[in-house]
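User: I'd like to go through some of the labels in this structure and see what backs them up. Can you take me through the reasoning?

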Amino acid sequence: MAFVQFSKVSLAFGDRDILKEVSVNLQAGTKAALTGANGSGKSTLIKVMAGLVQPDGGQRVVQKDARIAYLPQSGLTHHGCSLREEADKAFDFGYKLQEELEKIGDALKDGSGKEKVLLERHDAVLNELEESGWNRRRALAEQILTGLGFSREDLDKKCEEFSGGWQMRIALAKALMVNPDILLLDEPTNYLDLEAREWLEKFLNNFKGGFLLVSHDRYFLDHTINEVYELFNGDLHRYAGNYSHYEKVREVELETLIHEYEKQQAEIAHLQEFINRFGAKATKAAQAQERQKMLDKILEKEIVIPESLKKIHFKFPPAPHAGRLVVTLKGITKSYDGEKKVLDNLDLVLENGDRLVAAGHNGAGKSTLLRIIAGEDSDFSGEVKLGSGVKIGYFSQDNAETLKGSATVLETIEAEAPLELIPKIRDMLGAFLFRGDDVHKSLDMLSGGEKSRVALLKLLLKPVNLLILDEPTNHLDMHSKDVLLDALKDFGGTVVFVSHDRGFIENLSTRVLELKPGKYRLFPGDYKYYMERLEAEEKGEVSPPLQTPRSAAVSYAAPSAGAPRNAPQPDSSLQDGAPSKSAVQLSWEEQKKLEAERRRAEKAVKALEEKILELEDKKTSLEGQMARPEVYSNGEKAKAVQKEIEKVSESLEELNLQWIEAAEALEKLS
């Protein structure tokens, strides 16, 4: 069994210990994640495992002939040949084995007397070639490349025609084609869309070798790994189970750690106070020196709380009041070349409180649609109508390019923050990975990823009621995503977003707009419901609606007023079970009775919708009051209004449950 084993491996940069006697064993069947705070040394550890960085001490043992494939975070480019030719380079090991077979054949002809040894090696090489997939290499290469999002037309393109993100996909594809014994992947999902991530997830689940990966995608980790290694302060600790289980276990550990940390900090403060007060007095000098020795010993083993496990929460400034209808799109059509339509006669209504995710493959028009709604793109046909009082906040990766100058990160954010959020700015910057001296970096010194995080945080501090977010989780670690997700859940306005992080999508979306070139479908339910619908369609349990531009949507209309945002709307095109008994087959009395029941059910649904709409308007009005200075600056008034909002929210929740029951009853009668 192939393996890579590390025993008490140590590595230091200057006076900082990156690895302190780390021991780990990777072998066939290992499905592990490596986690730790930014800057903890994860990438360095993977490079040591790959043999690219030599440790200061300890042993690295690799089984003879074991193949190790390593993918760095970024920086790989390919040029000088077609994609098909570049992919074939992944099979260099096979060409070398073929050369060895030829040499063995020549040696057998010479009759050197070592026929038995040569024949055994010949069989071993043939077996290795077969197990590696060498004989199926062309089909394997095409399968992996298309799985990662390349089209068959791409195979004959020159590698230099692909952008940086696609260059990393080429590198990932080559690492997988090697069919290695040990696979080391540093942020492999960074440049993958949702479909490619799902394909990679399935690949790793079927992978026969062992792998260790770093990723900030919790959903991806939960569905691929069964153990977690945490690197913290140079120490490596193993946790059995998936990533979510690791977080739960670590949270319990953290509670104990915080208790010990607080005790230690109190002791440090007590000793420091004694030293400061009596250190200069001759009569107490000996005691002060003794206290200093005690303090030095404590500081040698000072407890540090991992930044990645600190819980930070923040809320958006109150969203300005807006009407129920936020955006209405009619007949939106967009083409970049005048022939192929990216969007074709798209109709869409967004209501206050919607969390709509645009889903679809790269090139389906997701970012184009977001730019049109945001007013960034005016070269289209159709109509975009904003509702009363709508204020838009738009984020895309391009926002980072506008951040220039000598102002520091801290100064930039302080200039944007409302007065009441000023005390929390340091925590918020920490949540977006700006810690310690990072906050004093000037904008001109920031990397593209750092600028993107600053641009996102700037946007979140503005009082808007329609957030349009294109890949907001790029360049964020898992903790930062959680902070952003919690804030978006509490946001009082409407959100339209695109993301390749399935966990983020599942936890935020309440409606799904599926885009395909020139086609679209609107699913009035959350992302989990959407995926269940697609799975049912693939199995033939439910027939998909006709895919014509004007009838492509599962539901064109917005949900009924007050309908729960995550509940599927009644829609004849989405019925799953057997068809109801036709009215033609019923007697006149049965028809009359059924019609009466249907009318009662319709009235019940309508009455509930009216009540829900009334309460939603009331809640919107109350939230508008909270945005007024005379209310939020007055503690008693703010508490009273907040209490009323909570009361209305509880009533809405109860009515929404009643609406679901009534809608289901009506659906059965339809």
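Analyst: Sure. Keep in mind that this is a predicted model. Let's start with a contact: the side chains of H500 and E471 pair up at 2.9 Å.

User: What makes the pairing of H500 with E471 a polar contact?

Analyst: The two side chains sit 2.9 Å apart, and the cut-off for a pair of N or O atoms is 3.5 Å, so the pair qualifies as a polar contact.

User: Where is H500, and why is H500 called buried?

Analyst: H500 is in the loop between β16 (494–498) and α16 (502–508). Its relative accessible area is 14%, and buried means under 20%, so H500 gets that label.

User: What about N179: why is it called partly exposed?

Analyst: N179 has 26% relative accessibility. Partly exposed runs between the 20% and 50% cut-offs, so N179 belongs there. You'll find N179 in the loop between α6 (164–177) and β6 (182–186), with a positive phi of about 50° although it is not a glycine.

User: Which value of phi does H475 have, and where does H475 lie?

Analyst: Phi of H475 is near 70°, positive in a residue other than glycine. H475 lies in the loop between β15 (466–470) and α15 (478–490).

User: And what makes E646 fit for a negative surface patch?

Analyst: E646, in helix α20 (residues 635–669), has a relative accessible area of 42%. Patch residues need over 30%, so E646 clears that cut-off. Glu counts as negative, and the patch also includes E650, E653 and E664.

Notes. Residues are numbered from 1 along each chain as its sequence is written. This is a predicted model: local features need pLDDT of at least 70, side-chain atom pairs count only at pLDDT 80 or more; totals for chains, interfaces and linings use all residues. Side-chain values use heavy atoms; hydrogens and water are left out. Patches are made of residues with over 30% relative accessible area and no salt bridge: like charges are joined within 9 Å, nonpolar side chains (Val, Leu, Ile, Met, Phe, Trp, Tyr) within 5 Å. Accessible areas come from the Shrake-Rupley method with a 1.4 Å probe; for residues, only the protein chains shown count as cover. A salt bridge is a side-chain nitrogen of Lys or Arg within 4 Å of a carboxyl oxygen of Asp or Glu. The place of a charge is taken as NZ of Lys, CZ of Arg, CG of Asp or CD of Glu. Helices (H or I, at least four residues) and strands (E, at least two) are DSSP runs, numbered from the N terminus. Buried means under 20% relative accessible area, exposed over 50%, partly exposed in between (1.4 Å probe, protein chains only). A polar contact is a pair of N or O atoms within 3.5 Å; within protein, one must be able to donate a hydrogen and the other to accept it, and residues adjacent in sequence count only if both atoms are side-chain atoms.
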